[in-house]
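The following paragraphs go through a protein model step by step. Please keep the sequence and the coordinates at hand while reading.

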Amino acid sequence: MKMSGNKSAAAVIWNIIGSGLSAGQAAILLVFISREYGTGEAGILTIAYAIGNLFLTAGKYGVRNFQATDNSGKVSFQNYLKGRLLSVSAALFIAVLFLSFFYMGGRYDSHKCQIIFLIVVLKETDALEDVFLGRLQQAGHFGTGARIMALRQMAVTALICIGIICRDSIQASLLSGIAVSLLTGICMLASEKELIWEKAEERKNTDSISYLMRKCFPLFLGSTLAMYVGNMPKYITDLYMDGDTQAILGYIMLPVFMVTLASQFVYQPFVKELGDLWDTGLIPKFKSRVKKQAIFILATALIVLLVSLWAGLPLLSLIYHMNLNGYYSEFTIILAGGSLYALAAYLNIPLTILGKQNMIAAGYGGAAAFALTFGRMICQKGGLTGAALLYMTVNAGLVIMFGFTVRNEAGKEC
């Protein structure tokens with residue numbers, strides 16, 4: 001896949017750093033928290049990031065791919081920004097209600113609620129930044145946005161780690177991270193204001209926020225449910241198992257994030273080009289690009305899977321200072337499920353371009369409903385192995401469903 005224009009080598013490197021730190025921040029912090037505070041606190045951080053990422057996805061409202069492929073300027077940046085402020089505010093409000101419900105119900109204590117809420121706030125700063133990065137990508141400056149994301153994630157992750165090493169409270173470390181996230185984001189985005197707001201006055205603002213929210217609602221629903229499916233074992237473990245099991249799950253799921261991250265490196269810089277191919281009627285090239293990227297994702301997943309099966313558990317045991325060699329079967333199943341999840345997530349892109357957002361929402365909605373219906377029974381009978389099998393099964397179903405839909409819909413245009 002040849003890159004041109006703003007897809008320079010530097011842009012790819014910045015994207016790898018930024019996306020890597022964003023997706024791997026929890027795994028990095030777990031290393032320090034496990035050593036400094038033990039598996040109990042590590043279990044809290046694991047579910048906190050799982051919940052935080054769910055609200056991050058809700059705060060983004062599924063707009064990024066729509067925005068990056070909005071080549072005709074259907075929606076002005078002003079409305080993209082107003083819509084993001086609305087979705088982020090709603091996500092924070094719902095997070096407060098969620099935590100209040102679990103606190104009053106006795107499932108979470110105040111310490112756990114505080115950590116989860118601070119992670120949610122930290123992730124919502126990512127959601128706010130994302131609308132500006134989407135604008136830069138839409139305007140042909142993907143590399144600039146990738147650099148801003150990378151530098152901000154480096155500063156935030158480093159500061160939180162330093163706080164943990166210095167034995168500050170986890171809450172104090174997270175508060176420092178939130179402050180740095182906001183300050184660095186504002187400063188760096190302000191330095192690129194000409195790129196972000198360029199030609200804004202030339203855009204026809206005949207649409208409205210309500211149009212954007214209606215148009216992206218299926219994407220919001222699908223992406224939020226997709227995040228739930230991606231972290232399904234963690235949510236189920238939080239409900240039906242103990243904190244130590246949650247920590248172990250967080251440890252052995254580390255290679256899953258590597259598979260997902262590697263797949264994003266393949267397609268995220270090319271989302272706009274994929275939309276261009278479809279918009280200009282180059283259907284054979286569109287289908288070829290989708291097929292090649294899907295094959296590349298599977299090949300990458302296979303490499304990570306083989307390396308992880310060979311050295312994964314010994315290495316994770318060393319990193320997290322805990323013997324994980326007894327979890328080989330769960331580790332293998334989760335890796336297979338994570339590979340399928342990464343492929344299903346990629347297929348969301350061509351489905352969005354094809355206008356099949358409802359299919360994304362329906363697929364992930366069905367998967368989430370299946371997990372909520374049978375999760376308790378499966379976990380009670382199969383424990384961590386059962387949760388891993390559930391994860392692999394629902395993602396296999398999603399790949400089949402999404403893959404057939406893309407093939408059939410793209411074939412109609414030939």
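How far does helix α2 (residues 39–60) reach from its first C-alpha to its last, and what is expected at 1.5 Å a residue? With 22 residues, α2 reaches 31 Å, close to the expected 32 Å. Of these 22 residues, 19 are buried, and the helix is thus described as mostly covered. Tyrosine 61 follows α2 and has a positive phi, near 60 degrees.

The model is a predicted one. Its fold contains 16 helices and zero strands. The protein has 414 residues, and 55% of them are buried. Among contacts with a separation of 6 or more, 82% are between residues 24 or more positions apart. The protein exposes about 17,400 Å², and carbon and sulfur atoms supply 66% of that area.

Helix α5 (residues 110–138) can be taken next. Its 29 residues should span 42 Å at 1.5 Å a residue, and because the end C-alpha atoms are 42 Å apart, the two values agree. Helix α5 is mostly covered, with 23 of its 29 residues buried. At the N-terminal end of α5, aspartate 109 acts as a cap: one of its side-chain oxygens lies 3.3 Å from the backbone nitrogen of histidine 111. Just after α5 comes glycine 140, with a positive phi of about 90 degrees.

Several charged side chains of α5 take part in salt bridges. Side chains of opposite charge can pair when their charged atoms come close. The count of salt bridges in this model comes to six. One of them joins the side chains of aspartate 238 and lysine 112, with N to O at 3.0 Å. Aspartate 238 lies in helix α10 (residues 232–240) and lysine 112 in helix α5, so this pair ties together parts that are 126 residues apart in sequence. Aspartate 238 and lysine 112 are both buried.

Which residue forms a salt bridge with aspartate 126? The partner is arginine 152, and the closest N and O atoms of the pair are 2.5 Å apart. This salt bridge links distant parts of the chain, since aspartate 126 is in helix α5 and arginine 152 is in helix α6, 26 residues apart. Both aspartate 126 and arginine 152 are buried. Arginine 152 also forms a salt bridge with glutamate 129, where the closest N and O atoms are 2.8 Å apart. Glutamate 129 lies in helix α5 and arginine 152 in helix α6, so the pair ties together parts that are 23 residues apart in sequence.

Why does glutamate 129 count as buried? Its relative accessibility is 6%, and the cut-off for a buried residue is under 20% relative accessible area. Arginine 152 is buried because its relative accessible area is 1%. Taken together, Lys123, Asp126, Glu129 and Arg152 are linked in a network of salt bridges.

Helix α5 is also met from helix α7 (residues 170–191), where glutamine 171 has its place. The side chain of glutamine 171 makes a polar contact of 2.9 Å with the side chain of glutamine 114. Leaving aside residues up to four places away in sequence, glutamine 171 touches His111, Gln114, Ile115 and Leu118. An α-helix has 3.6 residues a turn, so residues three or four places apart point the same way. Glutamine 171 counts as buried because its relative accessibility is 14%.

The last part of the tour concerns helix α1. Serine 19 is found in α1. At 12% relative accessibility, serine 19 counts as buried. Its C-alpha atom is separated by 8.3 Å from that of alanine 146, although the two residues are 127 residues apart along the chain.

Isoleucine 13 also has its place in helix α1. Which residues make the nonpolar surface patch of about 310 Å²? They are Ile13, Ile17, Leu151 and Met154. Helices α1 (9–37) and α6 (142–165) each supply at least two residues of this patch. Helix α6 thus appears twice in this account: it supplies residues to the nonpolar patch, and it holds arginine 152, the salt-bridge partner of glutamate 129 in α5.

Technical notes. Residues numbered from 1 in each chain as written. Predicted model: local features only at pLDDT ≥ 70, side-chain atom pairs only at ≥ 80, totals over all residues. Heavy atoms only, no water. Patch = residues over 30% accessible without salt bridge, like charges linked within 9 Å, V, L, I, M, F, W, Y side chains within 5 Å. Areas by Shrake-Rupley, 256 points an atom, 1.4 Å probe, with all protein chains shown as cover. Salt bridge = Lys/Arg side-chain N within 4 Å of Asp/Glu carboxyl O. Helix = DSSP H or I, 4+ residues; strand = E, 2+ residues; numbered from the N terminus. Buried < 20%, exposed > 50% of the residue type's maximum accessible area, 1.4 Å probe, protein only. Expected span 1.5 Å × (residues − 1). Polar contact = N/O pair within 3.5 Å; in protein donor to acceptor, adjacent residues only side chain to side chain. Contact = heavy atoms within 4.5 Å.
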